[in-house]
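Please walk me through the interior of this protein, beginning with the packing of its core and moving on to its aromatic rings.

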Amino acid sequence: MLLTEVQVLEAIQQAKTAFPNFTDWEYNNEVNQEYFGFSLWGKLVLYRENTTSTSRNFFITLETNEEKWMASLTIGLPAYLWTSADFGDAYLLGTDGHDSLEDAITGLKAEMKKLFQAFSIIRTYAN
């Protein structure tokens, strides 16, 4: 699915509002070898003093596939068709297809909450 210019701007604004700590938002709005259609991603950089390493860059990617919206959290690079740990990037979390961008964002936030709660429990037992 491809978006109109107005829809692209609306999607960017929704993403920025939903994930305010992510920056450098970029998008693809064409079907090609790396994307099924529209894809939007923002970056969260841990340890900004080390700008040469991408291993600490986290990405939120919101994308379309046919008429569905999916969302993912990746490390190293934004999600695209060739995302693979073999190339230094990997999916950490993802959603199934949703009917709207808002639902995909809500679904990803729910998955992120579960992950962070699991880390919180580990931290509790480690202390």
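Two residues are taken to be in contact when they have heavy atoms within 4.5 Å of each other. The model is a predicted one, and with that meaning of contact in mind Leu40 is a useful place to begin: leaving aside its neighbours within four places in sequence, Leu40 is in contact with Ala11, Ile12, Ala15, Trp25, Glu26, Tyr27, Ile60, Thr61 and Leu62.

Leu40 also belongs to the largest nonpolar core, a set of 23 residues in which the members with the most contacts inside it are Phe19, Leu40, Ile60, Leu62, Leu73 and Leu108. At least two residues of this core come from each of α1 (5–18), β2 (38–45), β3 (57–65), β4 (68–75) and α2.

Leu108 leads on to Thr95, which lies in the loop between β5 (90–94) and α2 (101–126). Beyond its neighbours within four places in sequence, Thr95 is in contact with Leu108 as well as with Met70, Ala71, Ala104 and Gly107. Because buried means under 20% relative accessible area, Thr95 counts as buried with its value of 13%.

The aromatic residues can be followed next, since a search of the whole structure finds four aromatic pairs. The rings of Phe19 and Phe22 have centres 6.0 Å apart and planes at 75°, so this pair is edge-to-face, and both residues are buried. The rings of Tyr35 and Trp41, by contrast, have centres 5.7 Å apart and planes at 5°, so they are stacked; Tyr35 and Trp41 are likewise buried. Tyr27, in contact with Leu40, forms one aromatic cluster with Phe38 and Trp69. Returning to Phe19, the charged end of Lys109 sits over its ring, 5.4 Å from the centre.

Methods
Residues numbered from 1 in each chain as written. Predicted model: local features only at pLDDT ≥ 70, side-chain atom pairs only at ≥ 80, totals over all residues. Heavy atoms only, no water. Helix = DSSP H or I, 4+ residues; strand = E, 2+ residues; numbered from the N terminus. Buried < 20%, exposed > 50% of the residue type's maximum accessible area, 1.4 Å probe, protein only. Core = buried A, V, L, I, M, F, W, Y, C linked by side-chain atoms within 4.5 Å. Phe/Tyr/Trp six-rings, centres within 6.5 Å; stacked < 30°, edge-to-face > 60°. Lys NZ or Arg CZ within 6 Å of the ring centre and 35° of its normal.
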